[in-house]
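Here are some exercises to work through with the model open in your viewer. Try each task before you read its solution.

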Amino acid sequence: PAANADDIVRIAATTIAARDADAATRATIDEADGTGSFQSGDEIGIWATPHSPQTYNISRTATFDGTAWTYDTPLLWSDLPEDQSGNGLYNIIGHYPVQTATPDSKKNGSITFSVQTNQNTAEAYRKSDLLVSGTFELGSFVPVMDIKKGETVSLNFVHVMSRIKVMLTAGSNVTQEEVGNAVVKIKNAQVNYKISLINGANGDPDSPTYADITPLKSTTAAATFYALLPRQDNQSGNKWIEIEVAVGGKVATYELSAVTNLRCGETQPVK
């Protein structure tokens, strides 16, 4: 509540492309397409700034109570500097999970987000799934901005990371039980990504970091594994996916290079 109710920045977070069902979250999620909704107790971060000058210190946390979002500290339009661009427009971006890093004022208000290298737990997988309000164009994230003062701010959250879905099936001399117990690795993948919480600019960080990633094993689909990665290309021809299967007391290793590029908000299936 504000002394002047018209001054409060009102937000509405619509049905979102949310976390995977295997992340054991409160949300109800469709495993096939990743859609779902926020649930009571979920928290999102909010950054707000006029088009000009862009500021880097106006942030809030908002909590969903099952019906509405409430701020930790009220966010008022009067808190924001006047837009000096002549258009009277503002950028207001939401992010989930809440990112606590302070945007770099020298780099478009950006932070560097890193996925977990061992995603084989629900918690680590959830931490790797960055959602930001916006849309996608040609496989890249684009923020929704150009908000007029006094309007309700609609935040439609989408997955910024890409997902690899590995589905294994039994074959010659390999049983379904054996493929179900396989060890899967995404090899030498880029694990960090730069994204602006002020204007949505995104791409490779100044210093990309590479590592092997252990995916999350599905609890609902047999011999299925999920890994979340930043948008990237497999330009070097590396064999991105390594699968170890114990067959007849011996370990057989299979290397795959079926993934050529990853795009924001898309799942790359590998069978």
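**Exercise 1. A pair across two strands**

Which residue in S23 does Glu 244 stand opposite?

Solution. The model is a predicted one, and the answer can be read from its strand pairing.
- Step 1: S22 covers residues 241-247, and S23 covers 250-256.
- Step 2: these two strands pair in the antiparallel sense over seven bridges.
- Step 3: going across from Glu 244, you arrive at Thr 253 in S23.
- Step 4: now follow the chain through the hairpin of S22 and S23, where two residues lie between the strands and Gly 248 takes a positive phi near 60°.

**Exercise 2. Building the open sheet**

Work out the strand order of the open sheet that holds S22 and S23, and find its edges.

Solution.
- Step 1: begin with S15, residues 183-190, which pairs with S18 in the antiparallel sense over three bridges. Within this pair, Gln 190 has Tyr 210 of S18 as its bridge partner.
- Step 2: S15 also pairs with S22, again antiparallel, over four bridges. Here Val 184 stands opposite Ile 243 of S22.
- Step 3: add the seven antiparallel bridges between S22 and S23. The order is then S18-S15-S22-S23, an open sheet of four strands.
- Step 4: S18 (210-213) and S23 (250-256) each have a single partner strand, so they stand at the edges and one side of each is left without a neighbour in the sheet.
- Step 5: to finish the geometry, note that the twist averages 20° from one strand to the next.

**Exercise 3. The surroundings of S7**

Decide how far strand S7 is enclosed by the rest of the structure, and list its pairings.

Solution.
- Step 1: apply the cut-off for buried, under 20% relative accessible area. Eight of the eight residues of S7 (89-96) are buried, so the strand is largely enclosed by the rest of the structure.
- Step 2: check the two faces. Leu 89, Asn 91, Ile 93 and His 95 are buried on one side, and Tyr 90, Ile 92, Gly 94 and Tyr 96 are buried on the other.
- Step 3: look for pairings. Strand S4 (43-50) runs antiparallel to S7 and is joined to it by six bridges, with Pro 50 partnered by Tyr 90.
- Step 4: S11 (147-148) pairs with S7 in the antiparallel sense over two bridges, and Tyr 90 has Ile 147 as its bridge partner there.
- Step 5: S9 (131-137) is joined to S7 by two bridges, also antiparallel. The bridge partner of Tyr 96 in S9 is Leu 131.

**Exercise 4. Nonpolar cores**

Which residues of the largest nonpolar core touch the most other members?

Solution.
- Step 1: the core has 38 residues, and those that touch the most other members are Val 160, Ile 164, Leu 168, Ile 186, Ile 213, Leu 229 and Ile 241.
- Step 2: map the core onto the strands. Two or more residues come from each of S8 (110-114), S14 (162-167), S15, S16 (192-196), S20 (224-229) and S22.
- Step 3: examine Ile 186. Leaving aside neighbours within four places in sequence, Ile 186 is in contact with residues including Ile 164, Ile 213, Leu 229, Trp 240 and Ile 241.
- Step 4: keep this core apart from a second, separate one of 24 residues, which includes Val 9, Trp 77, Tyr 90 and Phe 157.

**Exercise 5. Backbone checks**

Locate two cis peptide bonds and two residues other than glycine with positive phi.

Solution.
- Step 1: the bond from Ser 52 to Pro 53 is cis, with omega near -5°. Pro 53 belongs to the loop between S4 and S5 (59-64).
- Step 2: Tyr 96 and Pro 97 are also joined by a cis peptide bond, with omega about -10°. Pro 97 lies in the loop between S7 and S8.
- Step 3: Asn 108 is found in the loop between S7 and S8. Its phi is positive, about 60°, and Asn 108 is partly exposed at a relative accessible area of 43%.
- Step 4: Asn 188 sits in strand S15 with a positive phi near 50°. With 39% relative accessibility, Asn 188 counts as partly exposed.

Note on methods
Residues are numbered from 1 along each chain as its sequence is written. This is a predicted model: local features need pLDDT of at least 70, side-chain atom pairs count only at pLDDT 80 or more; totals for chains, interfaces and linings use all residues. Side-chain values use heavy atoms; hydrogens and water are left out. Two strands pair if DSSP finds at least two bridges between them. Axes are lines fitted to C-alpha atoms, for helices over the stretch in contact, and angles run from 0 to 180 degrees between N-to-C directions. Buried means under 20% relative accessible area, exposed over 50%, partly exposed in between (1.4 Å probe, protein chains only). A nonpolar core is a set of buried Ala, Val, Leu, Ile, Met, Phe, Trp, Tyr and Cys residues joined through side-chain atoms within 4.5 Å. Contact means heavy atoms within 4.5 Å.
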